[in-house]
Amino acid sequence: MDAQASTASHQAEKWSPSSDASDIVKSIHAMLHPRNIVLVGATDKPGNYAERIWNNLIKYKYEGGLFPVNAKRETIWGVPCYKDFASLPEKPDHVLVLVPARFAVQVIRDAAAAGARSATIVTSGFSELQDEDSQRLALELKEAVRETGLAVTGPNCLGNLSAGEKLFTNIDDRIVTMEAGPVAIAGQSGAIVMAIRQTLEDRGVGVGYMVTTGNETGLETPDLMAYFAADPSIRVIVVYLEGVRNTKVFREACKAARAAGKPVIALKLGASEGGRAAAMAHTGALAGSIETFDAISTREGVIRVRGLDELIETTECFVHAESPKGNRLAAVSLSGGKRGLLIDAFYSAGLNFAPLTPNATAQLAKMLGPGSIVGNPLDAGFAAVVDPSVYMSSIKIMIDDPDTDIVIIDAELPKAPHEMRERNLRIVNEMAGAASKPVVYISAMSIGFTEFTKALRKSLPNIAVMQGLDRAVGAIKSLIEYSSLRKEVPDIASSSKASARAVLEKALKSANGAAALDEVASKKLLKAYGIPVSKEEIVQTAAEAVKIAKKIGFPVVAKVVSADILHKSDIGGVVLNLNSAAEVKKAFNDITARVKKIKSKPKLEGILIAQQVKADLELVVGASLDAEMGPVVLFGTGGVDIELMKDVALAGAPLDEAEAKQLIAKTKAGVKMKGYRGKPALHEASAVKALVGLSNLMADAGNRIASIDVNPFLINSKVGVAVDGLIVLNNAAANKAAEH
């Protein structure tokens, strides 16, 4: 066992939560470090889950008490079998529930009454089934878990691993190395979580904890994240998420992990249906659940991966690579072709190789002859192939160069004993141990690990060993981005004024069950929240339209006002560039006539006459209430081509001015606003004000607003204003409208 694993093992055995730790952390500690384990529903039918779990507990020499319970048996598996909790030689601590679903609720209540602190319900037949009886049982189980206060994983899960305790209450019959390694895994899918553990095992990466959470009637994955963040033996947290039920708990767990310097690597299932009412606005259509998950979780330091292979490589990288001081890459190869592949792959990810110091360049040029490319990446070529000491010296020069932050070596581990390659690997491992930067071996292709490779890899704790160039590039980029994050991000609260909140409450009350606020009400609310809006007034007659147009000043815009018409341009409800009284009068009459022809007979509130701002750029600013992650704000290129362009970025709400500027900078629209190709810079302050205002509005509204769409938000070098606004409510009418 290497020094890191030994230290981790010692910590796992000795550490326990402090007295001021949360109740969740304390209860999970009890579950993963129990005094005894009781198997309720013990049966020795061949292949049964109970027998598999018992065999694993015996095989890995769990040191606490082990008690099978089955009222119909006196002995089982060669040991005494107990009728019930009362007949046990000591009070139960951790209970494995293996009885049919209809008996599970009573087992939980009886276990708690007998003194148990935790349980794992392996039994299925609850909320994962759609029949009435199963749904009823699921509700009864949830109530029993709540009332008893037990720490419960499951139901419909496959058990857990706590390596420091030699505890493996899991059905998996593959080999487990019982070392309290630095990785902890949790997730709802037992099969996926088990596969992750096994693959890391095959790669020589130690897993200290593995928890399968199943239906999550009791403990949810974020609860486990909070525990792993607290346990000092864990350095990397891996989670599989099918959904986030409680955004607040999830964010708090992420914050705890980040404060502890522990990356959370998450594999998240794809877009959920989300709030259907949000789809009525452009913003809702552009903000899918994966995008909103990224917007919120990335701020908290979560690294989302797109598949299992990427998850394994990213975990390997974070376990074995130190945090780099910057993003200056260096690489050593023995192939001009591989050198080109490295350049292309990292360039595509927005990363580049740094120029070497003159001293490093001079040393390499002196040592390497023809057939080499002295630069970064370095193709050490013929000289290094012929003389291994030259190869080692080349690597050392790159590692020692003060202008490099990460050193990449294009090579793979040998699959069988190979004296020279093994010696070289050990030399580089020593160099990496002495260096203050990560050293990463990358195999351009996935070549697989043998038992020899696995053992060799475990003897090289100071280097990361990665398979597949594309996945390695993604992992290294994640490492760089994570290292640049602030350790703690302060909570940002709504900064709205009481007067704005009063306008919000009045607007929502006046909506009278409508699916959306009309444009006038929407803009009044936006203005209250500090979002710049154009000069405008609603009119009922053509004569009044002319009067208001003259007051505002030409050119003006005429727009239909109706809560029943969500997208005005689709029905010819917007007329631009009105430069005279006659044009205003004609526009008023034309729009009114078009509305009267609509079969659904929308209610016409009037026609809006508005200032027409000369725009250098059309933006969209908006907000949406995601079904999983809560409120997010959106910024990007707007106008009629918004869905086609999809130049948008998202951030969690509320946000402050600094985060609003960061959001803007993520888009092409943000680049244009800075002054693109010699054009003047645009009025960024107005866009920042709009984003902060929108985020405050969403935060204050809670779950009462589904989406806000300000498209276009027109901006030039002097001003930026909202010229259109749609606020879709989160109510029955909006949901019904979204279905059509």
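**Notebook: a sheet and its cavities**

I started with one residue pair: V38 has V95 in strand 5 as its bridge partner. I noted at once that this model is predicted.

Next I looked up the strands around that pair. Strand 1 covers residues 36–40, and strand 5 covers residues 94–97. They pair in the parallel sense, over four bridges.

Then I checked what sits on the sheet. Helix 2, residues 23–32, packs on the sheet. Helix 2 touches strand 5, strand 6 (118–121) and strand 7. I read off its direction against strand 7 and got about 60°. Helix 4 came next, at residues 101–114. This helix lies across strand 1, strand 5, strand 6 and strand 7. Against strand 5, helix 4 runs at about 170°.

I wanted the whole sheet. In what order do its five strands stand? I wrote down 2-1-5-6-7, an open sheet with parallel pairing. Strand 2 (65–69) and strand 7 (151–153) are the edges. Each has a single partner strand, so one side of each is left without a neighbour in the sheet. I also looked up the twist. On average, neighbouring strands here are turned by 15° against each other, direction ignored.

After the sheet, I turned to empty space. Rolling a probe the size of a water molecule over the atoms shows where such space is left. How many cavities of 30 Å³ or more are there? I found four.

I took the largest cavity and noted about 100 Å³ of space in it. Its lining has 14 residues. Which of them lie nearest its centre? My list reads T177, E201, V205, G206 and V207. I then asked which helices contribute. Helix 6 (190–202) and helix 17 (451–458) each supply at least two residues of this lining. Helix 6 gives the largest share, three residues. I sorted the lining by class as well: six nonpolar, three polar and five charged.

Last, I opened the second largest cavity. Its volume is about 50 Å³. I copied down its lining in groups. One group is A516, L517, D518 and E519. Another is S562, A563, I565, L566 and K568. G725 and L726 also line this cavity. By class, I wrote six nonpolar, two polar and three charged residues.

Definitions and conventions
Residues are numbered from 1 along each chain as its sequence is written. This is a predicted model: local features need pLDDT of at least 70, side-chain atom pairs count only at pLDDT 80 or more; totals for chains, interfaces and linings use all residues. Side-chain values use heavy atoms; hydrogens and water are left out. On a 1 Å grid over the protein atoms alone, a cavity is a set of points where a 1.4 Å probe fits but cannot get out, and a pocket is an open set with protein on both sides within 12 Å along at least five of seven lines; lining residues have an atom within 4 Å of a point. Grid points are joined across faces, edges and corners, and a volume is the space filled by probe spheres set on the points. Ala, Val, Leu, Ile, Met, Phe, Trp, Tyr, Cys and Pro count as nonpolar, Asp, Glu, Lys and Arg as charged, and the others, Gly among them, as polar. Two strands pair if DSSP finds at least two bridges between them. Axes are lines fitted to C-alpha atoms, for helices over the stretch in contact, and angles run from 0 to 180 degrees between N-to-C directions. Contact means heavy atoms within 4.5 Å.
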